[in-house]
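The following exercises are meant to be worked through with the sequence and the 3D structure open beside the text. Try each task before reading its solution.

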Number of protein chains: 2
Amino acid sequence: MCTPARGHDSRAGPHATLAPVLLVPLTRSRTLAAAALLGAAPLAAPLVAQAPPAPAASPLAARYQADADRIIAAALGDSAAWNRVAELTDTFGARLSGTPALERSIDWMLARLREDGFANVRGEPVMVPRWVRGEESATLVSPRRKPLAMLGLGGSVGTPAAGITAPVLVVSSFDELARRGAEAKGKIVLFDVPFTTYDETVRYRGVGATAAAKVGAVAMLLRSVASYSMNTPHTGGLRYDSTTRRIPAAAITAEDAMMLRRMQARGQPVQVTLRMQARTLPDVPSRNVVAELVGRERPEEVVVLGGHIDSWDVGQGAMDDAGGFVAAWEAMRVLKRLGIQPRRTIRLVGWTNEENGLRGGRGYRAAHERELADHVFAMESDNGAFRPNGMRVVGSDSALALVAPIGPLLARIGATAAARGEGEADIGPLLEAGVPGAGLDVDGSKYFWFHHTAADTPDKLDPADVARCVATFGVWAHVLADMPERPPHGATQGTR
Amino acid sequence: MCTPARGHDSRAGPHATLAPVLLVPLTRSRTLAAAALLGAAPLAAPLVAQAPPAPAASPLAARYQADADRIIAAALGDSAAWNRVAELTDTFGARLSGTPALERSIDWMLARLREDGFANVRGEPVMVPRWVRGEESATLVSPRRKPLAMLGLGGSVGTPAAGITAPVLVVSSFDELARRGAEAKGKIVLFDVPFTTYDETVRYRGVGATAAAKVGAVAMLLRSVASYSMNTPHTGGLRYDSTTRRIPAAAITAEDAMMLRRMQARGQPVQVTLRMQARTLPDVPSRNVVAELVGRERPEEVVVLGGHIDSWDVGQGAMDDAGGFVAAWEAMRVLKRLGIQPRRTIRLVGWTNEENGLRGGRGYRAAHERELADHVFAMESDNGAFRPNGMRVVGSDSALALVAPIGPLLARIGATAAARGEGEADIGPLLEAGVPGAGLDVDGSKYFWFHHTAADTPDKLDPADVARCVATFGVWAHVLADMPERPPHGATQGTR
């Protein structure tokens with residue numbers, strides 16, 4: 001995910017929940033990961049809380065608790081979802097917009113969706129940007145020579161072929177840069193900004209290069225936007241403005257940023273050589289992936305469900321966002337397998353180009369502009385298919401009141417949240433048009449450990465958590481597509 | 001540290017204690033790290049437990065509790081130790097045996113030790129191995145092309161210049177390799193062994209290449225010996241045997257090892273190209289670093305205290321083991337600053353070449369063979385200067401009984417442990433000669449996250465914890481050098 005409209009806050013997070021996905025060989029997670037290799041092995045019983053759910057408290061519960069229980073049991077009955085995340089991301093790796101890997105992965109998705117027997121499986125054409133990283137490096141040359149782990153920021157311009165060698169000015173904020181602006185001319189400005197919240201910290205990735213260029217800097221380095229680091233650089237997009245010189249920009253690791261700051265504090269001259277071949281080529285065609293379970297009574301009314309299918313060009317894009325897209329896909333498979341055909345159509349959408357353009361989300365809305373009134377609800381998962389808490393709902397008070405009783409249907413897996421919150425980037429254009437919607441609410445404590453890094457790999461997701469995301473999506477999609485009422489469109493409340 | 005005689009067990013660890021050294025901007029840790037930049041800022045009061053220590057329970061407590069309290073207060077009064085770890089490791093970076101960086105860092109240590117006013121500051125000559133990594137890479141070429149993050153294993157031979165391209169056989173144990181030996185001929189064997197304990201898992205790094213060569217493999221890949229991974233390769237030494245062909249060996253990340261295993265399980269042909277220029281050159285001179293606080297009554301009797309000064313050639317070797325050496329060094333500085341001059345001599349030793357030869361530890365014993373009877377006690381820290389629990393003692397029952405009452409002197413900082421345990425590699429040759437000794441006992445929960453990786457940087461140590469290590473070393477060194485009795489030499493008990 002790329003958009004800064006987030007409320008993640010590392011202070012709340014990483015210490016409480018260190019899910020040992022990778023650490024411990026004999027936990028349930030590892031057992032599942034091992035089982036996942038062998039196919040659809042049943043999950044251990046404790047995934048479902050032993051206590052029975054609360055007695056039916058709403059008409060909606062009376063109508064749908066039995067369906068919800070079947071959906072939960074089916075979703076948690078195997079590790080098919082995790083297996084598909086692994087197969088997709090192992091087979092195609094990272095899937096940056098404009099790459100053959102993304103387009104081949106779309107072909108694979110469409111073929112599998114047809115095999116699954118869904119209706120109206122199609123790729124909907126979208127033109128996407130094509131940014132190419134090329135070769136790149138950053139080398140500390142003074143006070144000692146050391147290669148710096150780095151990743152150019154998406155959208156950055158490159159350097160001259162010989163690179164840029166310049167003294168470094170380390171600052172910790174825009175304010176400090178403003179105070180020390182006179183020192184920045186001809187230098188590489190390093191923003192060494194410790195992570196607080198994503199919203200706060202990502203501003204430096206977004207506009208740091210422009211702020212540095214305004215005071216005469218020749219390049220910008222960024223302490224990676226990361227709530228934890230094992231010398232891990234994080235990429236992500238930047239935005240130039242049209243009136244300021246475009247200077248090359250790259251992320252280095254938190255460790256190296258802190259070291260350069262210490263060197264500066266010791267009075268040592270810090271100098272770096274930055275080389276980047278980054279360039280932006282003309283737009284190329286890509287596709288949003290669409291597949292449907294057609295409604296039995298009101299097929300023209302649509303509940304949208306999905307995630308994005310592109311990723312940055314490092315790691316495998318498993319957490320961001322293959323897991324979210326596959327959780328939606330598997331939710332539809334579960335409904336189909338159970339023979340559940342709701343009143344309305346459930347439409348799976350795999351949005352392209354979320355990371356560096358949002359062309360998929362905008363393109364979907366443009367292509368379906370005339371059907372917007374029939375868009376009943378839009379859901380996306382783009383915070384990692386971690387353990388779900390429920391849904392964060394965006395819409396009018398009356399829409400929220402209508403959908404909130406869906407939450408308790410998921411009491412068995414603890415995913416009952418259904419409060420007002422944030423949406424997600426790709427459904428943003430729909431939400432802005434007044435379509436009510438929701439983002440999957442998950443344990444976000446480690447999201448910014450892996451976000452946009454080489455460590456975004458399938459092992460970071462727990463098969464049991466992915467299965468819980470499938471169940472959450474499945475129950476919400478079914479009820480929203482089947483309930484007699486529909487949540488009214490209206491002025492969006494909550495964050496896009 | 002390199003030797004496998006360890007009892008670390010990740011199962012006990014990482015979940016309980018996620019010290020937010022890097023994560024959270026406003027914890028004490030970050031405040032200290034920030035303060036560290038500004039010099040010797042006082043630490044916050046809560047570092048010392050508020051409850052008064054237990055009343056004097058032993059003659060030793062009556063004699064030394066007041067000194068211990070002064071030492072603790074002085075050690076915790078600033079972040080000088082962490083600052084020195086950072087300055088040392090920022091200035092010289094990694095310090096592999098045989099490199100100019102190690103020798104320049106030794107010159108720097110000797111100069112600083114002289115400035116500190118210690119006696120008999122000297123480098124004691126030791127010849128050390130010189131293994132050179134050279135350029136290296138591993139590339140997955142089938143079923144898709146992907147560079148694999150990797151580190152050749154220390155001591156490995158290289159590949160031909162064109163590299164070795166071969167099918168990969170993934171196995172999870174020596175037993176599986178034995179069962180599938182017939183499939184290994186002409187292949188690259190990958191040991192995908194999840195971390196359990198260091199002792200168990202490091203066997204594959206040590207002799208995996210030889211086991212693979214015995215069944216006809218052309219190279220060996222290893223899932224990094226790591227209790228957590230963010231796509232992090234870990235280096236470390238291997239041992240060839242003299243009767244088996246030497247094949248190149250490298251560590252890849254846990255993430256990639258798991259992916260290759262999944263690909264194999266899917267029936268996909270897995271093929272890798274491995275290129276390594278690794279080679280071993282003739283031995284070169286290095287030095288153990290020695291400095292003393294001369295005893296006031298029995299200067300010929302020596303309490304040895306230290307850590308190793310070399311590191312692997314990645315990261316900064318801050319945790320392994322600059323922190324341990326500097327904690328010992330600072331403990332001596334604290335005693336000197338407080339005007340404490342014990343009966344016996346306290347000798348700081350910075351051992352060279354722990355990582356790939358142990359020549360420093362063996363050389364120290366050889367150089368001091370005739371003074372061994374006067375070696376009263378030998379202490380080392382080589383598990384990271386994390387929060388100390390106390391000491392793990394190696395020696396006879398009577399030696400243990402004599403030193404155990406030192407533990408409670410550190411009740412204020414919770415570092416009271418003084419039970420039988422393991423020693424450390426560099427003091428091993430002394431322990432084998434019957435000298436009683438101890439290893440600093442620390443929270444090891446994250447040690448194998450950073451061990452032998454690019455992520456071994458000073459930020460992984462908390463200034464408050466390093467200060468507590470200084471206090472622990474200071475109290476033990478003072479009491480052992482001053483107490484009228486001395487622990488008897490004798491048959492070593494506990495692990496070397």
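**Exercise 1. Two paired strands in chain A**

In which sense do strand S14 of chain A and strand S16 of chain A pair, and over how many bridges?

Solution. In this predicted model, first find S14 of chain A at residues 388-394 and S16 of chain A at residues 437-442. Following both strands then shows that they pair in the antiparallel sense, and that six bridges hold this pairing. To locate one position in the pairing, look for A:Arg392, which has A:Gly439 of S16(A) opposite to it.

**Exercise 2. The whole sheet of chain A**

In what order do the eight strands of the open sheet of chain A stand, and which strands are at its edges?

Solution. Reading across the open sheet, one meets the eight strands of chain A in the order S1-S10-S12-S11-S13-S16-S14-S15, with mixed pairing. Strand S1 (119-132) and strand S15 (417-420) of chain A each have a single partner strand, so they stand at the edges, and one side of each lacks a neighbour in the sheet. From one strand to the next, the twist averages 25°.

**Exercise 3. Helices against the sheet of chain A**

Which strands of chain A does helix H4 of chain A lie across, and which strands of chain A does H9(A) touch?

Solution. Begin with helix H4 of chain A (residues 100-115), which lies across S1, strand S10 (279-293) and strand S12 (344-351) of chain A and runs at about 10° to S10(A). Turn next to H9(A), which packs on the sheet and touches S10, strand S11 (298-308), S12, strand S13 (375-380) and S16 of chain A. The direction of H9(A) makes about 145° with that of S11(A).

**Exercise 4. One residue of helix H9 in chain A**

Is A:Val334 buried or exposed, and which residues does A:Val334 touch when those up to four places away in sequence are not counted?

Solution. The first step is to place A:Val334 in helix H9 of chain A, which covers residues 318-337. The second step is to count neighbours: a residue is buried if 20 or more other C-beta atoms lie within 10 Å of its own. Because A:Val334 has 28 C-beta neighbours inside 10 Å, A:Val334 counts as buried. The third step is to list the contacts, and with residues up to four places away in sequence left out, A:Val334 touches A:Ile71, A:Ala74, A:Ala75, A:Val470 and A:Gly474. A:Ile71 is 263 residues from A:Val334 along the chain, yet their C-alpha atoms are separated by 6.7 Å.

**Exercise 5. Chain A as a whole**

How many helices and strands does chain A have, and where does the domain assignment place its two domains?

Solution. Chain A has 14 helices and 16 strands, and buried residues make up 61% of its 496 residues. Among contacts in chain A that join residues at least 6 apart in sequence, 84% are between residues at least 24 apart. The domain assignment gives domain 1 of chain A as 25-129 + 283-482 and domain 2 of chain A as 134-277. Taken over C-alpha atoms, the centres of these two domains are separated by 36 Å. At their contact, 10 residues of domain 1 of chain A meet 14 residues of domain 2 of chain A. On the domain 1 side, the touching residues are five nonpolar, four polar and one charged.

**Exercise 6. A β-α-β unit in chain B**

Which elements of chain B make a right-handed β-α-β unit, and in which sense do its two strands pair?

Solution. The unit consists of S14(B), helix H11 of chain B (residues 397-403) and S15(B), and it is right-handed. Strand S14 (residues 388-394) and strand S15 (residues 417-420) of chain B pair in the parallel sense, over four bridges. One position to check is B:Gly390, whose bridge partner in S15(B) is B:Ala417.

**Exercise 7. One residue of helix H14 in chain B**

Is B:Ala477 buried or exposed, and how far apart are the C-alpha atoms of B:Ala477 and B:Ala328?

Solution. Find B:Ala477 in helix H14 of chain B, at residues 463-482. B:Ala477 counts as buried because it has 29 C-beta neighbours inside 10 Å. Without residues up to four places away in sequence, B:Ala477 touches B:Val303, B:Leu305, B:Ala331 and B:Ile346. B:Ala477 and B:Ala328 are 149 residues apart along the chain, and 9.2 Å separate their C-alpha atoms.

Definitions and conventions:
Residues numbered from 1 in each chain as written. Chains lettered and ligands numbered in written order. Predicted model: local features only at pLDDT ≥ 70, side-chain atom pairs only at ≥ 80, totals over all residues. Pairing = 2+ DSSP bridges. Right-handed = clockwise from strand over helix to strand, strands pointing away. Domains from an automatic or database assignment. Contact = placed C-beta atoms within 7 Å. Nonpolar A, V, L, I, M, F, W, Y, C, P; charged D, E, K, R; others polar. Buried ≥ 20, exposed ≤ 12 C-beta atoms within 10 Å, placed from the backbone. Axes fitted to C-alpha atoms, helices over the stretch in contact; angles between N-to-C directions.
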